[in-house]
Amino acid sequence: MTTTETQEKNVTTGATVWLTGLPSAGKTTIAHELAARLRGEGHRVEVLDGDEIREFLSAGLGFSREDRHTNVQRIGFVAELLASHGVLTLVPVIAPYADSRDAVRKRHEANGTAYLQVHVATPLDVCSVRDVKGLYAKQAAGELTGLTGVDDPYEEPVSPDLRIDSQHQTVQESAAAVHALLSERGLA
């Protein structure tokens, strides 16, 4: 294979796939499952985990509406940058406010970068049972306030590109649904 053929084979169409939903909805688990599948197919993939971003890129931000908006915009900027360079960028981040998510979508559109929004629509009662990080238990015990979907708003997407009811399917089925959407759009 010539150098040109190798370069052409390795060219990837980038995109941002933003998985939004309540805490413990399954966003990160689905993103990692999908990332493994995409990497296995030879795609360049990054997962921008919300907890890691808060630690390294958004350190010092709190959970006020303004700080949450700033956090989402920072993540959106990095995601668009990666996607514009051919990376499939998976973003499992709550992003509770519609206007913040819309601003990220508009940034992608303005730059001609593919953007897909996936709503992991797991009901609050299922999320509170999963309680991966113990947030719902802390909130119930009065040790935590401002929990998205409980005592802080979560504005569900009105028309996401895909809605996943993760409580009715396996992680693999959820990841396969996102993969099918990417394939349908010519992105995987």
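Asp125 counts as exposed, with a relative accessibility of 53%. This residue, Asp125, sits in helix α6, which covers residues 124-130. The structure is a predicted model. Its strands form an open sheet of 5 members, paired in parallel. The points below cover that sheet, two helix pairs, and several single residues.

**The sheet**

- The strand order across the open sheet is β2-β3-β1-β4-β5, and the pairing is parallel.
- The edges are taken by β2 (45-47) and β5 (162-164); each has a single partner strand, so one side of each has no neighbour in the sheet.
- From one strand to the next, the twist averages 20°.
- Strand β1 (residues 15-20) pairs with strand β3 (residues 88-92) in the parallel sense, over 5 bridges.
- Within that pairing of β1 and β3, Ala15 has Leu88 of β3 as its bridge partner.
- Strands β2 and β3 run parallel and are joined by 3 bridges.
- For Val47, the bridge partner in β3 is Leu90.

**Strand β3 and its surroundings**

- Strand β3 is largely enclosed by the rest of the structure, because 5 of its 5 residues are buried.
- Leu88, Leu90 and Pro92 point one way from β3, while Thr89 and Val91 point the other way.
- Both groups in β3 are buried: Leu88, Leu90 and Pro92 as well as Thr89 and Val91.
- Two of these buried residues, Leu88 and Leu90, are also bridge partners, Leu88 of Ala15 and Leu90 of Val47.

**Helix α8 against the sheet and helix α2**

- Helix α8 lies across β1, β4 (114-120) and β5.
- The direction of α8 is at about 175° to β5.
- Helix α2 (residues 27-40) also packs with helix α8 (residues 171-184), at an angle of about 60° and with the axes 9 Å apart.
- At that angle, α2 and α8 are therefore oblique to each other.
- The crossing that α2 and α8 make is right-handed.
- On the α2 side, the residues that meet α8 are Thr29, Ile30, Glu33, Leu34, Arg37 and Leu38.
- On the α8 side, they are Val171, Gln172, Ser174, Ala175, Ala176, Val178, His179 and Leu182.
- By class, the contact of α2 with α8 holds 8 nonpolar, 4 polar and 2 charged residues.

**Helices α4 and α5**

- Helix α4 (residues 65-84) packs with α5 at an angle of about 25°, and their axes are 9 Å apart.
- Angles under 35 degrees count as roughly parallel, and α4 and α5 are therefore roughly parallel to each other.
- The crossing of α4 and α5 is right-handed.
- From α4, the contact uses Arg65, His69, Val72, Gln73, Gly76, Phe77, Ala79 and Glu80.
- From α5, it uses Asp99, Ser100, Ala103, Val104, Arg107 and His108.
- The contact of α4 with α5 is made up of 5 nonpolar, 5 polar and 4 charged residues.

**Positive phi outside glycine**

- Most residues other than glycine have a negative phi.
- Ala95 is not a glycine, yet has a positive phi of about 45°.
- Ala95 lies in the loop between β3 and α5 (98-110).
- Its relative accessibility is 2%, so Ala95 counts as buried.
- Asp131 is not a glycine either, and has a positive phi of about 35°.
- Asp131 belongs to the loop between α6 and α7 (135-140).
- With a relative accessibility of 16%, Asp131 counts as buried.

**Exposed residues and distances**

- Asp125 in α6 and Glu173 are 48 residues apart along the chain, and their C-alpha atoms are separated by 21 Å.
- Glu55 is part of helix α3 (residues 50-56).
- At 52% relative accessibility, Glu55 counts as exposed.
- Between the C-alpha atoms of Glu55 and Gly40 the separation is 29 Å, and the two residues are 15 residues apart along the chain.

Definitions and conventions:
Residues numbered from 1 in each chain as written. Predicted model: local features only at pLDDT ≥ 70, side-chain atom pairs only at ≥ 80, totals over all residues. Heavy atoms only, no water. Axes fitted to C-alpha atoms, helices over the stretch in contact; angles between N-to-C directions. Helix = DSSP H or I, 4+ residues; strand = E, 2+ residues; numbered from the N terminus. Parallel < 35°, antiparallel > 145°, perpendicular 65-115°, else oblique. Left-handed = near helix turned anticlockwise from the far one by under 90°. Contact = heavy atoms within 4.5 Å. Nonpolar A, V, L, I, M, F, W, Y, C, P; charged D, E, K, R; others polar. Pairing = 2+ DSSP bridges. Buried < 20%, exposed > 50% of the residue type's maximum accessible area, 1.4 Å probe, protein only.
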